[in-house]
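Work through the following exercises with the sequence and the model side by side, and try each task before reading its solution.

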Amino acid sequence: MFTQSTSSRYAGKEQITPVLANMASSHHSMNEHDVVQYLKLHPELVEKYVLTEVEPEVLDSWATRRTPMRKTQRSEDGRKTSLSKWRCFQDRRKMLEELVQSLKKNLRREQVLWELANCITAATDSDGLRLFLIDNPEHPEKLRLYTDGDNAAHTHGRCGSGSFRLGSAEDSRELRNTSLRNFVVKHRSQLERRESIQTSGIPIDKLNGNQSDDKTDQAENCEQCDADDNYHFMCLPVMQSNQEMCAVLELYRCPDRNEFTSEEEEIALSYLIWGGIALHYAQLYNNMNQQRSLNAFLLDVVRSIFQDMVSMDPLVTKIMDFAQKLVDADRASLFLLDEKNNSLYSQIFDVGDSSLMDQNEEIRFPLGKGIAGHVAKTGEILNITDAYSDARFNPEVDKKTGYKTNSILCMPVYRSKKSIIGVVQMVNKHHGVFTTHDEEAFKTFAVYCGLALHHAELYNQIKKSEQKYKVAVEVLSYHRSCTEEEFQQALEEEIPLAIPGIDDYYFNPFELKEMEQVKHAMFMFYDLFDMEKFDRHSMLKFTLTVKKNYRRVPYHNWTHGFSVANSMYSIIKKSKHVFKEVESLALFIAALCHDLDHRGKNNKYMLDTQSPLASIYSTSTMEHHHFNQTVTILQQDGHNIFHKLSSDQFKQILALIKHCILATDLATFWDTRKSLQALVDSDTFCRENAEHMSLLQAIAMTASDLSASAKPWDVQVKTVDIIFKEFYDQGDAELAAGRTPIPMMDRRRHEEQPASQVEFLHNICTPCYTLLYKLVPETKPLLDMVDENLEKWKIKKESSILPVSL
């Protein structure tokens with residue numbers, strides 16, 4: 001009975017509508033039947049009350065208590081539906097929360113689908129499930145039964161792994177005579193429209209497909225049910241965000257249970273919509289992590305190439321280890337191409353099998369043989385899901401190792417667009433088969449892999465070249481260094497205590513023989529510097545070897561080197577306190593060595609003929625080479641004249657020597673002259689300024705290098721004859737190469753020698769010695785002799801252009 005006290009209790013809590021309150025107060029004897037009849041006549045009153053007054057938790061409680069007592073009815077289309085509009089599951093939120101937490105731990109596509117399938121199984125009150133994955137969207141007919149390791153025989157309620165379900169009697173009859181895989185292929189279009197397929201009255205062993213030879217397709221039966229009993233099944237498509245079907249979910253109930261309702265189908269489909277979103281973001285997350293990992297590795301590869309170059313084998317191991325992780329492969333192999341022998345080979349054959357890696361045994365096979373051989377020959381990318389069904393697969397390695405190859409991803413690695421350096425082969429993906437995403441990721445990886453291998457190959461070649469270079473240097477140092485006999489002979493000859501006229505600017509170097517020039521060079525060094533800081537034996541070996549490393553060309557030979565050193569000695573000797581000791585030391589050694597290994601050809605010739613030296617030094621080609629030859633001699637055993645100096649002093653002296661030798665390139669003279677002339681004109685030159693002194697050192701080197709122009713006329717003429725002999729040799733070489741030499745180097749225009757000398761002395765020598773004289777007045781004799789020679793060349797020029805008739 002709906003009593004007054006009851007009405008008052010509800011009214012007191014303000015949980016009854018005004019209509020019910022009035023009804024209760026006017027009809028004290030109204031019973032429960034009357035209320036039910038009234039509510040049937042006014043269903044909107046029930047809806048309003050429930051929606052506005054009843055808490056969601058109460059609704060959940062009602063639905064939970066209502067579920068075991070639910071009844072089913074047939075809808076207009078014949079499908080079964082629940083009578084309860086309010087049916088829901090009290091633990092649905094908890095299931096979703098648990099699903100999200102589990103996905104945080106493992107975001108692999110298979111795991112997302114498995115967790116989602118279990119959630120749907122619980123939400124639809126199913127007794128079992130089976131999940132079939134589509135690894136390749138291009139071949140959806142190839143389904144793979146997924147099991148989750150420890151939970152391979154997932155159960156919910158009563159039964160183990162289950163099967164399928166359809167909607168019509170015709171579908172049921174068809175399914176009785178086929179397997180799940182064949183049925184899904186046939187009804188693929190229906191699944192792709194996100195529709196479920198349902199059926200009842202099918203024995204579970206029939207649905208599992210007795211015709212199938214795949215033992216994993218066999219489902220386990222419920223302990224309380226017989227395999228011949230008729231089960232209820234529902235099959236649902238799992239779609240990705242790109243509308244591709246990625247899996248098929250199969251749910252079932254035991255025979256003693258009700259069939260699936262359309263409402264349960266809607267619940268399952270709603271979960272799948274959410275699952276599709278989760279799958280999409282899981283894929284994005286995995287792709288992002290994979291790309292981050294790939295980027296980190298590529299950066300590591302670049303570091304290895306440009307910072308920490310390693311040899312081939314460690315780099316190959318490093319590359320293959322990452323490649324294996326990149327595509328989740330069980331094993332990885334890299335085969336390098338041997339173009340000479342037309343074959344593939346590998347010494348690090350199988351990353352993933354330590355027993356094979358430790359054998360260090362080279363595996364080699366002809367180009368074109370097997371999967372790797374085919375890829376190397378054609379450049380084709382191969383993604384093979386079943387190796388043994390491919391005629392190109394070579395099972396010999398499997399027979400040898402006892403390993404079973406299932407799936408293969410094989411890709412060429414290029415050093416350039418058309419040049420293959422090797423082949424990378426991935427074997428047996430841990431979960432499923434290799435996908436198109438694996439291929440795309442691996443393509444990017446293969447580019448850097450090729451770059452790394454190419455540079456490692458170059459590195460190995462460089463290492464071999466270094467060893468060859470060391471051998472060559474050893475041989476050359478033996479033949480290009482002074483012999484022990486030469487050293488002992490020079491050691492026995494005493495260095496003069498004094499040499500009259502050696503500090504004269506007009507000293508004639510041609511009057512001395514080569515060994516006498518060596519003794520004079522030693523004397524000049526002893527005279528300028530404190531020998532307590534130097535080793536006499538080292539200085540003697542150094543000088544003898546410098547002499548030997550000047551080539552026997554007409555002009556740029558040892559005599560020229562000695563003459564330039566003598567002129568620098570005179571400048572230093574006569575202008576004391578202009579240069580510091582370290583500057584004087586650098587200037588003298590640089591003058592002695594400034595044309596080491598000169599080939600009798602100028603820098604332009606080296607560039608025009610694409611000489612190897614020009615490829616090493618694009619500017620001041622020969623001058624850089626002269627300095628490097630100086631350093632090479634200093635590095636030879638017993639030749640380092642600076643070994644008593646500290647490390648910092650040694651670095652300083654080498655830097656100064658390099659600066660002084662490079663200053664002998666006349667191409668740099670114009671800039672040096674311009675800067676120094678500006679300091680002289682403004683009277684701002686300061687000897688305490690390092691930059692100013694650097695300019696003075698450069699102009700002093702040029703003055704010493706051109707000192708033949710400041711020698712007496714007889715020495716000047718003899719020197720010019722020698723110079724033009726070397727010039728004409730270069731001109732002849734240019735003519736032979738099909739080029740036209742400049743007039744000064746063309747022997748067919750030898751009558752123009754006086755004119756070229758006038759131009760040379762007027763434009764280069766006179767400005768050089770004039771500038772030097774203003775900064776170092778003691779060098780005036782050099783300027784005076786240049787002026788005298790210039791006038792004589794002018795006379796010769798005038799006489800050489802008389803009319804031919806005269």
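**Exercise 1. A pair of strands and their sheet**

In which sense do strand β8 (residues 329-338) and strand β9 (residues 343-346) pair, and over how many bridges? Then place the two strands in their sheet.

Solution. Keep in mind throughout that this is a predicted model. In general, strands of a sheet pair through backbone hydrogen bonds, and the pairing is either parallel or antiparallel. Here β8 and β9 pair in the antiparallel sense, over three bridges, and the bridge partner of Leu337 is Leu344 in β9. Stepping back, we find an open sheet of six strands with antiparallel pairing, in the order β10-β9-β8-β13-β12-β11. The edge strands are β10 (363-366) and β11 (382-384), each of which pairs on one side only. From one strand to the next the twist averages 20 degrees. Finally, helix α15 (residues 370-378) packs on this sheet, where it touches β8, β9, β10, β11, β12 (408-414) and β13 (420-429), and its direction makes about 140 degrees with that of β13.

**Exercise 2. Two helices against α28**

Describe how α22 and then α21 cross helix α28, and list the residues that make each contact.

Solution. Two packed helices are described by the angle between their axes and the distance between the axes. For helix α22 (residues 581-593) and helix α28 (residues 690-705), the axes come within 11 Å and cross at roughly 30 degrees. Angles under 35 degrees count as roughly parallel, and therefore α22 and α28 are roughly parallel to each other; their crossing is right-handed. In this contact Glu583, Leu587, Ala590 and Ala591 of α22 meet Met693, Gln697 and Met701 of α28, a group that divides into five nonpolar residues, one polar and one charged.

For helix α21 (residues 558-574), the axis comes within 8 Å of that of α28, and the two cross at roughly 130 degrees, which makes α21 oblique to α28. This crossing, too, is right-handed. The contact is made by His560, Val564, Ser567, Met568 and Ile571 of α21 together with Ala700, Met701, Ser704 and Asp705 of α28, and these residues divide into five nonpolar, three polar and one charged.

**Exercise 3. A residue in a loop**

Is Thr664 buried or exposed? Find where it lies and what it touches.

Solution. Begin with the location: Thr664 is found in the loop between α26 (647-662) and α27 (669-681). Buried means under 20% relative accessible area, so Thr664, at 7% relative accessibility, counts as buried. Leaving aside residues up to four places away in sequence, Thr664 touches His594, Glu623, Met701 and Asp705.

Definitions and conventions: Residues are numbered from 1 along each chain as its sequence is written. This is a predicted model: local features need pLDDT of at least 70, side-chain atom pairs count only at pLDDT 80 or more; totals for chains, interfaces and linings use all residues. Side-chain values use heavy atoms; hydrogens and water are left out. Axes are lines fitted to C-alpha atoms, for helices over the stretch in contact, and angles run from 0 to 180 degrees between N-to-C directions. Helices (H or I, at least four residues) and strands (E, at least two) are DSSP runs, numbered from the N terminus. Angles under 35 degrees count as roughly parallel, over 145 as roughly antiparallel, 65 to 115 as roughly perpendicular and the rest as oblique. A crossing is left-handed if the near helix is turned anticlockwise from the far one by less than a right angle, and right-handed if clockwise. Contact means heavy atoms within 4.5 Å. Ala, Val, Leu, Ile, Met, Phe, Trp, Tyr, Cys and Pro count as nonpolar, Asp, Glu, Lys and Arg as charged, and the others, Gly among them, as polar. Two strands pair if DSSP finds at least two bridges between them. Buried means under 20% relative accessible area, exposed over 50%, partly exposed in between (1.4 Å probe, protein chains only).
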